[in-house]
Structure formats: structure tokens, C-alpha cells
Amino acid sequence: MKILIVDDEDIQRQKLVQLISESPLSFSDILCAPEVPTAIDIIETHHPDIVLSDICMPVKNGLDLAQYVKETYPKILVIIITGYSEFKYAQTAIRYNVFDYILKPIDAESTLSCIRHAIAKLEADRRQESNYEVLRSYFNENESYIQKQFLQELLFWSSPMSEDQLLVQKNLLHIDIKDFRLVVIKCHFYIDSISNQIEEKYYYSHLAELAIKKRDNNALLYNIGDAIYWIYPSESDGFSNYAMMKDMELLLNELK
């Protein structure tokens, strides 16, 4: 983790460097800048995690830097060093998502405490981001299975979800269907006269599912036993029984 200290006063800058370097806080780099333009160059090159900046500096001040960080690198946390007389900047600081502030004259304990809170926030955000990536990866790998669970809930259970929650779930699962009919395909099983063995009842429904998916990989299906529940979309404003039955006939011929 890296921290950037921005202050136009050399003595103040060095005090902060010494304070942080001698503390238990473990930073791989403690970077320094005497002004905002130099700080921006360092941010572009070294990508610090925390920026600790004085407010009052020549040319551009600490809030200009905070604005730049918010617009360009929003994951970087900015801590402002300010005096009581500079509290008029508080509203602007809030607008630029400044993480916290340190009051002058700088107190070692409160400064380190503030930085510790920033580190804890960054670590929590990264854990959350890592968990999100794991969940997103799982979702991408199992989207078809999750879709089936969603359809099962809609078809067979009394859904506890509100209409708004259902819409969120529908969008999450990329289900963009407004008009549809529910088609139920019942797949019979029989005794094979050659082998004299009963075909598993799941066999034909599995074949039917494969055939439908071959024609439309995004088809919404729920397969249970020897039955397939198919959310059959309407491509026009109204339903055409002829078009749907023709589609079923083509499917049947393919299965034969």
C-alpha cells in the first residue's frame, strides 16, 4: 500500500514522513510532493492508495487535488490537512468525497488513527470487490442453472418477491420477454423391443431440451422429469397459434 504526502512546507512534509515511517503502519512507499501539479504526476505514475494533502498551497490547493482524484481515480482516499479558519472549505470537501480531515496543529496520535481508518476502509473495499468478482464468476459459469431456479420459483412456488424484485432478477438474468405463452412438452417413455429395457423417462425430455437449445440457445426452459416447461416468447404484438404450432411441429420432426 502506498501513501502520498502533499504539502508546500518542507518541514511539515518531513515531519509527516518521519511520523508514518516510524509508525507500525506498513506502507511499501511513502511518496512526497510540494505542490498539486507534482502530486498529479506522482499519482499518474505510482498510483498511491491514500493521498494526505494540505488545503492551502500556492497555484492549486488541496481541494483542487481532491477534485482531480475523485474524477480520475475515485478509489484513492483523500485526507485533507486543515486549520479551524479553513472550515469554509468543508462543503467543497464533502462534494469531492474527501475521506477525512486532520486539524492543525498536527497531532501524531490522531493523524495515525485517521490513516489507520483509511487503510481499514481500503482493505474492506478490496475484500468486497474480491467477493463480488468471485460471485460474478460463479454467476457467469452457472447462469443457465440460476435461470432454471428462477423459473422453478415462478412456475411452482408462491414467490415472496415483489414486482420490483422480480424485475431486478429478470434483468440480472438477461430475460427480456414481455409477451409469452407457457408451453409444456410431455415426453413419453416406452419399452425398447430390441433390448427389452425401459428407456429412462428423462432421456426424451433431455433430447427435447437439447433440440430447443440448438435452435435457440437463449430459450428459457425448466426440465423436470419427463416434462419441459418452455417460456415461449411472442415475436409480435399478438400471439399466432399457427406460428407456435408450426414451431412445435418442426421440433417434433427434429426429435423423430
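What percentage of the 256 residues in the protein do buried residues make up? I looked this up before anything else, and buried residues come to 36% of the 256 residues. I note at the outset that I am working from a predicted model.

**Overall layout**

I listed the secondary structure next and found 9 helices and 8 strands in the protein. I then turned to contacts between residues with a separation of 6 or more, and found that 62% of them link residues 24 or more positions apart.

**Asp54**

I went to Asp54 because the UniProt record, an unreviewed entry, annotates this position as "modified residue: 4-aspartylphosphate". In the model, Asp54 belongs to strand β3, which covers residues 50-54. Is Asp54 buried or exposed? Its relative accessible area is 2%, under the 20% limit, so I entered Asp54 as buried. Setting aside the neighbours within four places in sequence, I found Asp54 in contact with Val6, Asp7 and Asp8, and also with Gly62, Ile81 and Lys104.

**Lys104, Pro105 and Thr82**

Lys104, one of the residues in contact with Asp54, made me look at the peptide bond that follows. The bond joining Lys104 and Pro105 is cis, with omega at about -5°. I placed Pro105 in the loop that runs between β5 (100-103) and α5 (108-141).

Lys104 also appears in the contact list of Thr82, which, without neighbours up to four places away in sequence, names Ile55, Tyr101, Ile102 and Leu103 as well. Thr82 itself lies in strand β4, and with a relative accessibility of 5% I counted Thr82 as buried.

**Nonpolar cores**

Which residues touch the most other members of the largest nonpolar core? That core has 23 residues, and I noted Leu4, Val6, Ile43, Val51, Leu65, Val69 and Val78 as the ones with the most such partners. The elements that contribute two or more residues to this core are the strands β1 (2-6), β2 (29-33) and β4 (77-82), together with the helices α2 (36-46) and α3 (62-72). A second core, separate from this one, holds 19 residues, among them Phe27, Leu52, Ile102 and Leu112.

I followed Val78 further, and beyond the four nearest places in sequence this residue touches Val51, Ala66, Val69, Val98, Phe99 and Asp100.

**Helix pairs**

I then examined how α2 and α3 are arranged, and found that their axes come within 10 Å and cross at roughly 25°. Since an angle under 35 degrees counts as roughly parallel, I recorded α2 as roughly parallel to α3. The crossing of these two helices, α2 and α3, is right-handed. On the α2 side, the contact is made by Val36, Ala39, Ile40, Ile43 and Glu44, while α3 supplies Leu65, Tyr68, Val69 and Thr72.

At what angle do α1 and α5 pack? Helix α1 (residues 10-21) meets α5 at about 70°, and the two axes lie 11 Å apart. That angle makes α1 roughly perpendicular to α5, and their crossing is likewise noted as right-handed. Here I found Leu16, Leu19 and Ile20 of α1 meeting Ala108, Thr111, Leu112 and Ile115 of α5; Leu112 is also a member of the second core.

**Positive phi angles**

I checked two residues other than glycine for their backbone angles. His47 has a positive phi of about 50° and sits in the loop between α2 and β3; at 43% relative accessibility, I entered His47 as partly exposed. Asn97 has a positive phi near 55° and sits in the loop between α4 (90-95) and β5; its relative accessibility of 55% puts Asn97 among the exposed residues.

**Met244**

My last entry concerns Met244, whose place is in helix α9 (residues 241-255). With 11% relative accessibility, Met244 counts as buried. Which residues is Met244 in contact with, once neighbours within four places in sequence are left aside? I found Arg181, Val183 and Tyr232. For Tyr232 I also looked up the separation from Met244, which is 12 residues in sequence and 8.5 Å in space, taken from C-alpha to C-alpha.

How values were computed. Residues numbered from 1 in each chain as written. Predicted model: local features only at pLDDT ≥ 70, side-chain atom pairs only at ≥ 80, totals over all residues. Heavy atoms only, no water. Helix = DSSP H or I, 4+ residues; strand = E, 2+ residues; numbered from the N terminus. Buried < 20%, exposed > 50% of the residue type's maximum accessible area, 1.4 Å probe, protein only. Contact = heavy atoms within 4.5 Å. Core = buried A, V, L, I, M, F, W, Y, C linked by side-chain atoms within 4.5 Å. Axes fitted to C-alpha atoms, helices over the stretch in contact; angles between N-to-C directions. Parallel < 35°, antiparallel > 145°, perpendicular 65-115°, else oblique. Left-handed = near helix turned anticlockwise from the far one by under 90°.
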